[in-house]
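Visitor: I am new to this structure and should like to be guided through it by questions. May we begin once it is shown?

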Amino acid sequence: MSKNGSKKEFIFNLILQRNPQILKPFLGEVELLELEYDSVKRIDVYGHDLEHNSPIYIESQLGCSDEVHFDKVKYLIETNKNESGIFIWIASRFKEEYLVAIEQLLELHAKGKPIKILALTFQNGYTKTLNKLNRQKDSDIWYHFNHREFVLPKLSIVKQWGGIPLGFKDSVISAPDFPLYSTSSEAMNSYLLSTLRKEIPYLLNVHRSKKLTVNSIVFGSGYSDFSFVINLAACEIAIRLENEWQSQLFQRVVSQFKDVENFETIFFEGKRIVFPILDLDNPREKVEMATKLFRKVVDVTIPTIYNL
């Protein structure tokens, strides 16, 4: 993740995920499923190759290749449990020492296997596009995404290693379909996150990885000092004010919900607006109902706090 409040790397990865045709010249048809997918170590973009059913792991950076990102790529190659895999490292430029190290990794861990590794760069000056998007509100960024009002990155190959034979099919289901394998908080939150990313993609923070070992999941609203909280165990969704300095705006949000009729029950508790979730016996139905309710909450809140 970018530092000092910058979302540039996240925006770049989101552009890739929503425009998989960018990778078509190198991989053919692909599906890019998750941003910051957390499989022990966070992966910038996770997906799979539709022709070979091979998992795709993308690690991106906006600067020159460095040891931190090399270590991530190295870890992904060394721990890949699938029969095949496609590993992509994107950087503004590559130091020769890392290109040599990648070739050595292939020899040690993937020689003769259906493994493909790509080192890709993007066009000079593309960070200007990302800088411009980074300065905007999340709602404006999403507007530009939907209307394609920015230049897409153009990728080029620095080096490629290995390959996947024609006609090969990986027998392992590589795409994370997030089955609801138990009713634990972690399993239900995992399914909830995957559902939210499909249903409410315009709330950019739903794409970012979250710790799933606790009951509640907290999303920033994209505006300072407002958060959304979903707690399936407590059967509630809440809008939370983090600091008093935005209390006037928070009261406008409260007033907005008092005038909205399509919510059955709302509780107003000091710095929180609470929306109860029906405690259904079927965990999948509970998650899907929570997703629909959360979307209604977001669709009222975001225009109000941004004064849209």
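Visitor: How many residues does helix α4 have, and what distance does it reach from its first C-alpha to its last?
Guide: The model is a predicted one. In it, helix α4 covers residues 96-109, which makes 14 residues. At 1.5 Å a residue, a span of 20 Å is expected, and the helix comes close to that value: from its first C-alpha to its last it reaches 20 Å.

Visitor: Which residues of α4 are buried, and what arc do they cover around the axis?
Guide: The buried residues of α4 are Tyr 98, Leu 99, Ala 101, Ile 102, Leu 105 and Leu 106. They lie on the same side of α4, because around the axis they cover an arc of only 160 degrees.

Visitor: Why can residues that are three or four places apart point the same way in an α-helix?
Guide: Residues at that spacing point the same way because of the number of residues in each turn of an α-helix, which is 3.6. In α4, the side opposite the buried residues holds exposed ones, namely Glu 96, Glu 97 and Leu 108.

Visitor: What covers the buried residues of α4?
Guide: One helix is included in the cover, α3 (67-79). Strands are included as well: β4 (85-90), β5 (115-122) and β6 (155-162).

Visitor: Which residues of α3 are buried, and which are exposed on the other side?
Guide: α3 has 13 residues and reaches 18 Å, close to the 18 Å expected for it. Its buried residues are His 69, Phe 70, Lys 72, Val 73, Leu 76 and Ile 77. Because these fall within an arc of 160 degrees when seen down the axis, they line one face of the helix. On the other side of α3, the exposed residues are Glu 67 and Val 68.

Visitor: Is β4 largely enclosed by the rest of the structure or largely open, and which way do its residues point?
Guide: Gly 85, Phe 87 and Trp 89 point one way from β4, while Ile 86, Ile 88 and Ile 90 point the other way, and all are buried. Since six of the six residues of β4 are buried, the strand is largely enclosed by the rest of the structure.

Visitor: How does strand β3 pair with β4, and what is the handedness of the crossover between them?
Guide: Strand β3 (residues 54-60) runs parallel to β4, and five bridges join the two. In one of these pairings, Glu 59 has Trp 89 of β4 as its bridge partner. The chain passes from β3 through α3 to β4, a β-α-β crossover that is right-handed.

Visitor: How many bridges join β4 to β5, and through which helix does the chain cross?
Guide: β4 and β5 run parallel and are joined by six bridges. Phe 87 stands opposite Ile 117 in β5. The chain makes a right-handed β-α-β crossover from β4 to β5, and the helix it passes through is α4.

Visitor: In what order do the five strands of the open sheet lie, and which are its edge strands?
Guide: The order is β7-β8-β9-β11-β10, with antiparallel pairing. The twist averages 20 degrees from one strand to the next. Each edge strand pairs on one side only, and these are β7 (216-220) and β10 (267-269).

Visitor: Which residue stands opposite Phe 219 in β8?
Guide: β7 and β8 (residues 226-231) run antiparallel, with five bridges joining them. Opposite Phe 219, in β8, stands Phe 228.

Visitor: Which strands does helix α8 lie across, and at what angle does it run to β11?
Guide: Helix α8 (residues 247-258) lies across β8, β9 (236-241), β10 and β11 (272-276). Its angle to β11 is about 30 degrees.

Visitor: Where does Cys 235 lie, and is it buried or exposed?
Guide: Cys 235 has a positive phi of about 60 degrees although it is not a glycine. Its place is the loop between β8 and β9. The cut-off for buried is under 20% relative accessible area. With a value of 14%, Cys 235 is buried.

Visitor: Which residues does His 144 touch beyond four places away in sequence?
Guide: His 144 lies in helix α6 (residues 138-147), and at 17% relative accessibility it counts as buried. Leu 133 is 11 residues from His 144 in sequence and 8.6 Å away in space, C-alpha to C-alpha. The residues touched by His 144 are Leu 133, Gln 136, Glu 149 and Phe 150.

Key. Residues are numbered from 1 along each chain as its sequence is written. This is a predicted model: local features need pLDDT of at least 70, side-chain atom pairs count only at pLDDT 80 or more; totals for chains, interfaces and linings use all residues. Side-chain values use heavy atoms; hydrogens and water are left out. Helices (H or I, at least four residues) and strands (E, at least two) are DSSP runs, numbered from the N terminus. The expected span of a helix is 1.5 Å times one less than its number of residues. Buried means under 20% relative accessible area, exposed over 50%, partly exposed in between (1.4 Å probe, protein chains only). The arc is that of the directions from the helix axis to the C-beta atoms. Contact means heavy atoms within 4.5 Å. Two strands pair if DSSP finds at least two bridges between them. Axes are lines fitted to C-alpha atoms, for helices over the stretch in contact, and angles run from 0 to 180 degrees between N-to-C directions. A crossover is right-handed if, with the strands pointing away from the viewer, the path from the first strand over the helix to the second runs clockwise.
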